[in-house]
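Work through the following exercises with the sequence and the coordinates open. Each task is followed by a stepwise solution.

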Amino acid sequence: MDATPLDKRNPLPLYYQLKEVLLARIQSGQWAPGQQLPSERALCDQFEISRITVRQALADLEQEGWLIRDQGRGAFVSRPRIEQRLSQLTSFTQDMRARGQRPGAIVLEQALVRPTTLVAHRLRLDARQRQVILLKRLRTANDEPIAVEKAFLNYRLCRQILHDDLSHRSLYAWLTEHCEIVPARAEQQIQAAACPPEEARLLKVKPGSPALYIHRTTYSQSGQPFEMVESYYRGDKYVFYAELRLDPAPRQTAFAGPPAHAGRTADATNGRP
Ligand code: 16G
């Protein structure tokens, strides 16, 4: 590895300069995913800097998801995150296959339960529908845990599922095949969350690690909501991607602020006296 000493006269802090050098190696592919980085000692010697500086650069890269540090074994380049497009309705199985990864599902719970008010509302259940199917699964990609999904399914639409084993099978494929439920549309909310202890144990991360909490209600082609799903995705493994386009109609004023005659607004930036 060629290592030009860092520029001590540069106003940028040394740890930051080192971080940039290491990041360039990861992003250019010079260091491949899974590859071990030189030891802290070796980096100190090569860049002629202190151990504290090296540790700060590595801690930043770990925080941003570029590295995984394992006490005793050293630092390794992390695998790229799984990207899910926000504009397309896909299943976990499809997402993983599209990335050349082997999808998996381990059933943790499959039972009849009473719906909460929220589940009943989202699934548009009437007062006589006192049961829903709970299907809780650990989702894996190449056998690595990625997400814990807790799906509540409309019992009337797919009761047979209780007698089948959904391990390592696609729920959407199963519903299409056995119940003619073709997923057509979903409403989804994504929130940053600290991973709760139970999910952290299943996902093999520390409790409180960054996670994505996702809430989805999915509708069939006939417009009927058939599932409400609450999931925790590992924050270091997943990234959501959205392509945004300018709405063609208000193009004139979209980013230019309100027209001159519109007066003051209560907006924090525009509303200043
Ligand atoms: C996705 C969906 C989940 C759905 C599952 C079906 C999100 C956040 N969730 O993971 O709602 O139940 O796909 O996947 O995208 P499957 O057909 O592979 O079982």
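**Exercise 1.** Which helices and strands each supply at least two residues of the lining of the largest pocket?

Solution.
- Step 1. Note that the model is a predicted one.
- Step 2. Locate the pocket: the largest one has a volume of about 710 Å³. Of its 22 lining residues, Glu-62, Leu-67, Ile-68, Arg-234 and Asp-236 are the closest to the centre.
- Step 3. Assign the lining to elements. H3, strand E1 (67-70) and E2 each contribute at least two residues. E1 gives the most, with three residues.
- Step 4. Sort the lining by class: ten residues are charged, six are polar and six are nonpolar.

**Exercise 2.** Describe the second largest pocket by volume, lining and class.

Solution.
- Step 1. The space in the second largest pocket is about 280 Å³.
- Step 2. This pocket is lined by 15 residues, and the closest to its centre are Glu-40, Arg-69, Asp-70, Gly-74 and Ala-75.
- Step 3. At least two lining residues come from each of H2, H3, E1 and E2. H2 gives the most, with three residues.
- Step 4. By class, six lining residues are charged, five are nonpolar and four are polar.
- Step 5. Set the two element lists side by side: H3, E1 and E2 appear for the largest pocket and again for the second largest.

**Exercise 3.** Identify the members of the largest nonpolar core that touch the most other members, and trace the contacts of Leu-18.

Solution.
- Step 1. The largest nonpolar core holds 18 residues, and those touching the most other members are Leu-18, Leu-22, Leu-37, Val-54, Leu-58 and Leu-67.
- Step 2. Helix H1 (14-27), helix H2 (40-47), helix H3 (51-63) and strand E2 (74-77) each supply at least two residues of this core.
- Step 3. For Leu-18, set aside neighbours within four places in sequence. The contacts that remain are Leu-6, Phe-47, Ile-49, Val-54 and Ala-57.
- Step 4. Look for another core. A second, separate one has 15 residues, including Ala-151, Leu-166, Cys-179 and Val-229.
- Step 5. Compare with the pockets: Leu-67 is one of the well-connected core members and also one of the residues closest to the centre of the largest pocket.

**Exercise 4.** Summarise the protein chain as a whole.

Solution.
- Step 1. Count the elements: the protein chain has eight helices and ten strands.
- Step 2. Of its 273 residues, 37% count as buried, with under 20% relative accessible area as the cut-off.
- Step 3. Among contacts in the protein chain with a separation of 6 or more, 60% join residues 24 or more positions apart.
- Step 4. The accessible surface of the protein chain is about 16,400 Å², and carbon and sulfur atoms account for 49% of this surface.

How values were computed: Residues numbered from 1 in each chain as written. Predicted model: local features only at pLDDT ≥ 70, side-chain atom pairs only at ≥ 80, totals over all residues. Heavy atoms only, no water. Core = buried A, V, L, I, M, F, W, Y, C linked by side-chain atoms within 4.5 Å. Buried < 20%, exposed > 50% of the residue type's maximum accessible area, 1.4 Å probe, protein only. Helix = DSSP H or I, 4+ residues; strand = E, 2+ residues; numbered from the N terminus. Contact = heavy atoms within 4.5 Å. 1 Å grid on protein atoms, 1.4 Å probe; cavity = no way out; pocket = protein on both sides within 12 Å on 5 of 7 lines; lining within 4 Å. Points joined across faces, edges and corners; volume = space filled by probe spheres on them. Nonpolar A, V, L, I, M, F, W, Y, C, P; charged D, E, K, R; others polar. Areas by Shrake-Rupley, 256 points an atom, 1.4 Å probe, with all protein chains shown as cover.
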